[in-house]
Amino acid sequence: MAAFALPAAARGPECIVPAKPGGGMDLTCKLARKGLNAVSAATGVDPALHINYLPGGIGAVAWNSILTQRRAESDTLIVFSGGSLLNLAQGKYGNASAADVRWVAALGADYGMIAVRSDSPYKTLADLLDALKRNAGKISIGAGGTVGSQDWLKVSIIARQAGISPKKLRFVAFEGGGESITALLAGYVEAVSGDASEAALYAANGNIRVLAVMSDQRLPGVLSNVPTAREQGYDVTWPIVRGFYMGPGVSDEHYRKWVSAFDRMMTDPGFDALRAAHGLYPFALTGDALTSYVRKTVDDYGRQAKELGLSR
């Protein structure tokens, strides 16, 4: 008997992950599925999100698919992250803009951080920056992605504020944060630029020393004693938000239905623990507030990229 594929409408709402299985994008869909299930009776939405993986072009394939073929699908959610907004700002989605889609909800955030091994001579962010001022090319810094990536930008902006030319920094590119930290522990690099959730796993075991987190306030948990970059004199915050957008043709009725469902989900008493279990810190915006945040963030990223010579 021939295989029979159910149409999207028959199998319920769809959550598109613009990446391969595993990782933060995938976890965002799974967090939503669990969170919505807890409040399904109150919201009336079907929480049984069908997860569909659509990798390619650092999110560009999924973005283009929605804009060209699936503009008005009322129950299709697409995951975005802070990296998606950075790519949008740098023109990696073509001539796209933040106004091209409907921004639904941000469920949580991770934050940028800079770390060294626990036996490193650099005890503070100032120690590391002083060493970089003396000889920037001598210190190798692990980063997920190449020039222009989030990890590259985090350190480059701080270096620039410290009077160090980002062009003099010696970056070593890796596939992701986990690989960067593995290289740090093995001694292949002397520092890493990455994400707080990844760093917390290793800091808890005493294997690495986190020198700064790029959040507005100190983070809870394992990294609670780590000062922010701002506390140390560098006006840099780097939230890596995770959430969802929908096609531009989705009706106001269906868009508001999903916005309301996520509002209800994120005020549920059990959601904070669920979000933490998925490696995210508190950050919650929906609807118009999220749309304003996204547009400002994309503008800010574009300005920063221009200042660092990265804009197209």
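1. A quick definition to start: helices here are DSSP runs of H or I at least four residues long, numbered from the N terminus. With that in hand, look at helix α11, where Lys-296 and Asp-300 both sit, four residues apart, or about one turn of the helix. Their side chains meet in a salt bridge of 2.8 Å, N to O. Lys-296 is exposed, because its relative accessible area is 52%, whereas Asp-300, at 23%, is partly exposed. As a general point, an α-helix has 3.6 residues a turn, so residues three or four places apart point the same way. Do keep in mind throughout that this is a predicted model.

2. Staying with α11, which spans residues 287-307, Glu-307 belongs to this helix too. Glu-307 counts as partly exposed, since its relative accessibility is 41%. Now look for Arg-160: it is 147 residues away from Glu-307 along the chain, yet the two C-alpha atoms are separated by 9.9 Å.

3. Asp-288 is another α11 residue to look up. Which residue does Asp-288 form a salt bridge with? The partner is Arg-256, and the closest N and O atoms are 3.3 Å apart. Arg-256 lies in helix α9 (residues 252-266) and Asp-288 in α11, so this pair ties together parts that are 32 residues apart in sequence. Arg-256 is partly exposed at 36% relative accessibility, while Asp-288 is exposed at 51%. The cut-off for exposed is over 50%, so Asp-288, with its 51%, falls in that class.

4. On to the other salt bridges. How many does the structure hold? The count is 16. One of them joins the side chains of Arg-218 and Glu-231, at 2.9 Å from N to O. Both residues lie in the loop between β8 and β9, so the pair ties together parts that are 13 residues apart in sequence. Arg-218 is partly exposed, at 40% relative accessibility, and Glu-231 is partly exposed as well, with a relative accessible area of 46%.

5. If you follow the chain from its start, strand β4 (residues 102-117) is worth a stop. Of its 16 residues, 15 are buried, so to speak mostly covered by this measure. Strand β9 (residues 239-246) pairs with β4 in the antiparallel sense, over eight bridges. Strand β8 (residues 208-213) does likewise over five bridges, and strand β7 (residues 191-195) runs antiparallel to β4 with four bridges joining them. Strand β10 (residues 285-286) pairs with β4 over two bridges, again antiparallel.

6. Some individual partners help to place these pairings. Where does Ala-105 find its bridge partner in β9? That partner is Phe-244, and in β10 the bridge partner of Ala-105 is Thr-286. Ile-114 stands opposite Ser-193 in β7. For Arg-117, the bridge partner in β8 is Ile-208.

7. Asp-110 also has its place in β4, and I would look at it with some care. Asp-110 is buried yet has no salt bridge. Arg-242 is the nearest side chain of opposite charge, 5.3 Å away. The limit for a salt bridge is 4 Å, and the 5.3 Å to Arg-242 does not meet it. What Asp-110 does have is a polar contact of 2.4 Å between its side chain and that of Ser-197. Leaving aside neighbours within four places in sequence, the contacts of Asp-110 include Asp-195, Ala-196, Trp-238, Pro-239 and Tyr-281.

8. Helix α3 (residues 60-69) has its own buried residues: Ala-60, Ala-62, Trp-63, Ser-65, Ile-66 and Leu-67. What covers them includes β1 (14-17), β3 (76-81), α4 (82-89), β4 and β9. Two of the strands from the points above, β4 and β9, thus turn up again here.

9. Last, the cysteines. How many disulfides does the count come to? The answer is one, formed by Cys-15 and Cys-29, with their sulfur atoms 1.8 Å apart. Cys-15 lies in strand β1 and Cys-29 in helix α1 (residues 23-38), so the link ties together parts that are 14 residues apart in sequence. The angle about the S-S bond is -85°, and the link is left-handed. Are these two cysteines buried or exposed? Both Cys-15 and Cys-29 are buried.

Notes:
Residues numbered from 1 in each chain as written. Predicted model: local features only at pLDDT ≥ 70, side-chain atom pairs only at ≥ 80, totals over all residues. Heavy atoms only, no water. Buried < 20%, exposed > 50% of the residue type's maximum accessible area, 1.4 Å probe, protein only. Pairing = 2+ DSSP bridges. Contact = heavy atoms within 4.5 Å. Disulfide = S-S within 2.5 Å. Lys, Arg positive; Asp, Glu negative; His and termini not counted. Polar contact = N/O pair within 3.5 Å; in protein donor to acceptor, adjacent residues only side chain to side chain.
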